[in-house]
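Work through the exercises below with the structure open. Each task is followed by a solution in steps.

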Amino acid sequence: MKYIAFSIGLLFLLLAALTVWQWETVSRLLEPVIADSENVQPTSQLKTPSELLEYIVAHPENVSLVAYEIGNSETGIFYRDREKRPLASTIKILILAEYARQVEQGILSPDEAIDLNSVNLYYLPNTDGGAHPQALRYFREKKYLNAENKIALRHIPSAMIRYSSNAAADYLIERLGRENIEKLPSVLGLPSEDVPLPIIGQFLSWDDTAISALPEERLKIY
């Protein structure tokens with residue numbers, strides 16, 4: 001028992017030291033949890049349409065909603081649809097649209113064999129909830145990789161959308177051309193939306209304060 005108590009105490013000391021050392025990161029992770037517990041019901045707890053409606057009524061400033069049958073937008077639901085919202089991983093849909101355009105116009109071939117290492121280069125471990133490793137496992141299970149570790153280009157946007165791989169998204173941003181990506185909001189009729197930025201660059205710019213104290217300068221570098 002004495003050794004068990006000593007081990008538990010040592011573990012708590014290590015956790016406390018780690019928390020102090022990485023306080024900025026820990027505090028950023030805790031902010032949404034604290035906000036949810038103090039102010040609003042976590043949206044993950046909404047299980048029925050009635051609960052969703054109650055949430056919208058209670059927190060109208062936090063919600064935008066658009067729903068309509070494709071080709072029949074006149075009869076759709078549009079609630080605060082002009083509010084600018086963070087797109088998070090839905091920026092990947094914009095990247096997919098540019099990929100589809102380039103394939104349709106013959107700029108890219110979905111059958112092109114690419115070295116998977118050129119995609120893995122953009123993987124930042126422990127930042128995507130295991131999305132990219134899951135995509136890699138799926139590639140291997142389906143035998144999409146050849147002996148030279150090459151894979152058809154078509155599978156990269158699939159990893160981005162099906163598994164939400166940030167590495168796949170960042171690879172495609174560079175492959176499709178930053179100049180084309182920067183035109184996406186206006187081309188797609190979304191002029192108020194932000195241009196999709198490389199996800200790994202954003203993560204690194206949040207944490208690397210050695211380069212500059214100004215986020216704008218760090219974003220230019222990354």
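**Exercise 1: two residues with positive phi**

Ser164 has a relative accessible area of 27%, so the residue is partly exposed (buried means under 20%, exposed over 50%, partly exposed in between, with a 1.4 Å probe and protein chains only). This is a predicted model, in which local features need pLDDT of at least 70, side-chain atom pairs count only at pLDDT 80 or more, and totals for chains, interfaces and linings use all residues. Residues are numbered from 1 along each chain as its sequence is written, and side-chain values use heavy atoms, with hydrogens and water left out.

Task: State where Ser164 lies and describe its phi.

Solution. Step 1: Ser164 sits in the loop between helix H7 (155-162) and helix H8 (166-176); helices are DSSP runs of H or I with at least four residues, strands are runs of E with at least two, and both are numbered from the N terminus. Step 2: the phi of Ser164 is positive, near 60°, in a residue other than glycine. Most residues other than glycine have a negative phi.

Task: Is Asn126 buried or exposed?

Solution. Step 1: find Asn126 in the loop between helix H5 (117-120) and helix H6 (131-141). Step 2: its relative accessibility is 77%, so Asn126 counts as exposed. Step 3: Asn126, not a glycine, has a positive phi of about 65°.

**Exercise 2: a helix pair**

Task: What is the angle between H7 and H8?

Solution. Step 1: H7 and H8 pack at about 130°, with axes 8 Å apart; axes are lines fitted to C-alpha atoms over the stretch in contact, and angles run from 0 to 180 degrees between N-to-C directions. Step 2: H7 and H8 are therefore oblique to each other (under 35 degrees is roughly parallel, over 145 roughly antiparallel, 65 to 115 roughly perpendicular, the rest oblique).
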